[in-house]
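Me: I would like a close look at one part of the structure shown below, with the surroundings brought in where they help. Please keep the answer connected and careful.

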Amino acid sequence: MANHKDIIYGLYNDEEDLLKAVEVARDQHLDIMDVYTPFPVHGLDPLLGLSESRLHIGAFIYGAIGTLTAFLGMTWIFTKDWPIVYGGKPYWAVPSFIPITFELTVLFASIGMVVTFYVICGLGPGVVNPTIDTRITDDKFCIAFEKGANESGAAESFLSSTGASEIHSKTI
Amino acid sequence: MSHYVSNIREPLVNGHKSYHQITEDLVAPTEKAPNLPWVIGFVLAVSALGFGLFCIAWTIWHGIGTWNLNRTIGWGWDITNFVWWIGIGHAGTLISAILLLFRQKWRTGVNRAAEAMTIFAVICAALFPGIHVGRAWVVFYFFPYPNTRGPIWPNFNSPLLWDLFAISTYFTVSLLFWYTGLVPDFATVRDRAKGIRKSIYNFLSFGWTGSAKHWQRWETLSLALAGIATPLVLSVHTIVSFDFATSVIPGWHTTIFPPYFVAGAIFSGFAMVLTLMLVTRTMLKLEDYITLAHIESMNKVILVTGTIVGVAYLTELFIAWYSGYVYEQFAFFNRAMGPYWWSYFGMMFCNVLSPQIFWFKKFRRNIAITFFISIVINIGMWFERFVIIATTLARDYVPSSWSYYTPTWVEMGIFLGTIGLFFTLYLIFTRVAPVVAIAEVKSILKSAGDQYTGPNAIHHHGHDNHGAHASHTHKSSVAETVATAVAEKVATVVDDLKKLEGIGPKVAATLNAAGINTFEELSNANVERLQQILDEGDGNFMGNSPESWPAQAKLASEGKWDELKDLQDRLDGGKY
């Protein structure tokens, strides 16, 4: 980790406390670095101003590439590269291309979407991200601030006033 | 969570779990040394696998002639087992994809294990085409690699090639789905681990942090994968059925095959999920997460799909008669009355009749009966594939070439080996990864935990204005209880509450402290109040459920010890 960050974070015991706190932070225009939770908390995204994920658009594009690859590939092979008559069918036997076209559509969409997910999240085999608090993956809900972005004291007073059970500083 | 949950919804997480307790319970199997049943199971599974590998080596060394296939019956146990395993693999994706789209919360208890089962079952299935080809060392001839004979392509019009694409896609998508679900849970294990385990689990968890944006994308990914895996799961067994349905063999050449195969696949898959989950929940002590509600839901799916399969069997018979086509008519007459009549009636009994017992709620919620029926269905679905494959081939168009087929020890050994492989992989999985999806169970806790919904719920949802009020009354009621207890203590006789099932010395002491000393007092207490007393008391009573205590105490206070004994025999640790 080349860039060390000084952060202040508060831990909440319940997702409802967290949601209330994030709402307060939004109203106070505090600059939250990130929120970490043990499971997906619904209702958090709009409060944090996160735009909807566009992964499913990616899935459509990858799927379309799969459709074209399969269909055009089989078309080229059976009409141009090596035409053979199978079972009295025409070279360009569209109905019997459908199953493989469908399967490759699904395959391309799935692999493309999953790979995209890990790449844009910066996750993958061998990635070591700094651990803010080991209880975040257990039962604590964390709001983290960068020290530089918040005037000293603003973050602490926000965290303590919104019911954070613990407040810590850390360099990650 | 603030969304409305009907009161009649049964809780899906029992034992008043906190988020931390869920982590503790579900990570525990990966942190402890395995118990004796696991070790015994593992040794048996590896032995079966070892014998299977020996039989595979025998087949490859001596050739396919070591199997009893003949010119008439070219497909036997190999393809039967292949289709059986592929079918079993279908429940995993059904649970993870289709039930996710339907927002069925009970999927969270079983999806992880069911997806793992899918992957392992597909591995077992894929083994059979691999060795059936005969000369396995030149299996690369299948692939259009550059070679001196010119650019030879596979036949894309062939259902067998469609099958290859379908199953490889299915395996890949299932694996991606399963692993992406596992990543946050591996992070949970990582954050509790030390030393080399921490490094390993960090590698497995891909550096997961739990950031809000990551969770948002993770949910989008799960939903989109579920959306495309749903038609996929329907397509896979459809294409497997095309292996048969596109042929010109009477008995195979039917348009009913795709839906009938898909229903049968889901049916057999759920039977195998039940077999596994009933063992897993006992072995890993997951009864609070894989509850009777889960088992009942799965039994309902079994009843529906089993009945669909039954309708399909009867439709086949009707259409064979109605078509007026003598070869088709003979094929079906031969299935029921020919040399393999026993497998046909075995199939009918196991698949169509046996699941009908699940019309009764009592049986749907009975663990022993569910386990027994799940095994019966596994056997029945194997018979189904055997009936379709072997009985059809045994009597072909030319009576002079009619034949009969029984497997050799090599074929049986390979089948046994795949069962060994399946259980070896599954047992390793239970020690390495959380068998129940931790993050997903936590996310349904507020709407499906038994402290929030159902008969044992404590009515203090913290997120609204009632919260303060409710917890106030909650405290004062306990204070009252204690006050009454002190007042009455002078005159009361103290009964031995430990005589009731589910009450140990610590619980008895807690109840006494709260003023419940006699059977009569306990019989008059309501379950909710008892749960409050336990929650307020010193000590961890997560595993204690007071639901049966008043009923037991009533019998005890009336001196009906025999009836109490009967009741206790029916109870499971004090729970109904």
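What distance separates the centres of domain 1 of chain A and domain 2 of chain A, taken over C-alpha atoms? Please start from there and look closely at helix H3 of chain A.

Reply: The model is a predicted one, and in it the centres of domain 1 and domain 2 of chain A, taken over C-alpha atoms, are separated by 45 Å. The division behind that value assigns residues 6–52 together with 130–171 to domain 1 of chain A, and residues 55–121 to domain 2 of chain A.

Helix H3 of chain A covers residues 55–81. Its 27 residues reach 36 Å from the first C-alpha to the last, which is close to the 39 Å expected at 1.5 Å a residue. The buried residues of H3(A) are A:Leu55, A:Gly58, A:Ala59, A:Tyr62, A:Gly63, A:Gly66, A:Ala70, A:Met74 and A:Phe78. An α-helix has 3.6 residues a turn, so residues three or four places apart point the same way. As for their partners, the buried residues of H3(A) pack against helix H4 (94–121) of chain A and also against H8 of chain B.

That second partner leads to the contact between the chains, which takes 57 residues from chain A and 50 residues from chain B. On the side of chain B that touches chain A, the elements giving two or more residues are helix H1 (19–31), helix H6 (159–192), helix H7 (195–204), helix H8 (212–245) and helix H16 (438–448). H8(B) gives the most to this side, with 16 residues, and the residues of the side as a whole divide into 24 nonpolar, 21 polar and 5 charged.

H8(B) also enters the largest nonpolar core, a set of 176 residues in which A:Met113, A:Cys142, B:Met117, B:Phe270 and B:Val273 touch the most other members. The largest share of this core, 16 residues, comes from H8(B). Leaving out residues up to four places away in sequence, B:Phe270 touches B:Ala91, B:Met298, B:Val301, B:Ile302 and B:Thr305. Another core lies apart from the largest one and holds 17 residues, among them B:Leu497, B:Leu511, B:Ile533 and B:Leu564.

Two backbone details of chain B belong beside this picture. In the loop between H7 and H8 of chain B, B:Phe206 has a positive phi of about 60° although it is not a glycine; because 22 other C-beta atoms lie within 10 Å, B:Phe206 is buried. In the segment before H1 of chain B, B:His16 likewise has a positive phi, near 50°, in a residue other than glycine, and B:His16 counts as buried because it has 23 C-beta neighbours inside 10 Å.

Chain B, for its part, is assigned a domain 1 (19–135 + 166–448) and a domain 2 (466–570), and the centres of these two domains of chain B are separated by 45 Å, again taken over C-alpha atoms.

Confidence has to be read alongside all of this. The model scores ipTM 0.94 and pTM 0.81, while chain B has a mean pLDDT of 85, with 90% of its residues at 70 or more. Among the elements of chain B, helix H15 (residues 409–432) has the highest mean pLDDT, 95, and helix H17 (residues 466–489) the lowest, 42. Over residues 460–492 of chain B the pLDDT is below 50, and this stretch has 28 contacts in the model beyond near neighbours in sequence. Where pLDDT is low, the predicted coordinates should not be read in detail.

Notes
Residues numbered from 1 in each chain as written. Chains lettered and ligands numbered in written order. Predicted model: local features only at pLDDT ≥ 70, side-chain atom pairs only at ≥ 80, totals over all residues. Contact = placed C-beta atoms within 7 Å. Helix = DSSP H or I, 4+ residues; strand = E, 2+ residues; numbered from the N terminus. Nonpolar A, V, L, I, M, F, W, Y, C, P; charged D, E, K, R; others polar. Expected span 1.5 Å × (residues − 1). Buried ≥ 20, exposed ≤ 12 C-beta atoms within 10 Å, placed from the backbone. Domains from an automatic or database assignment. pLDDT = per-residue confidence, 0-100. Core = buried A, V, L, I, M, F, W, Y, C linked by C-beta atoms within 7 Å.
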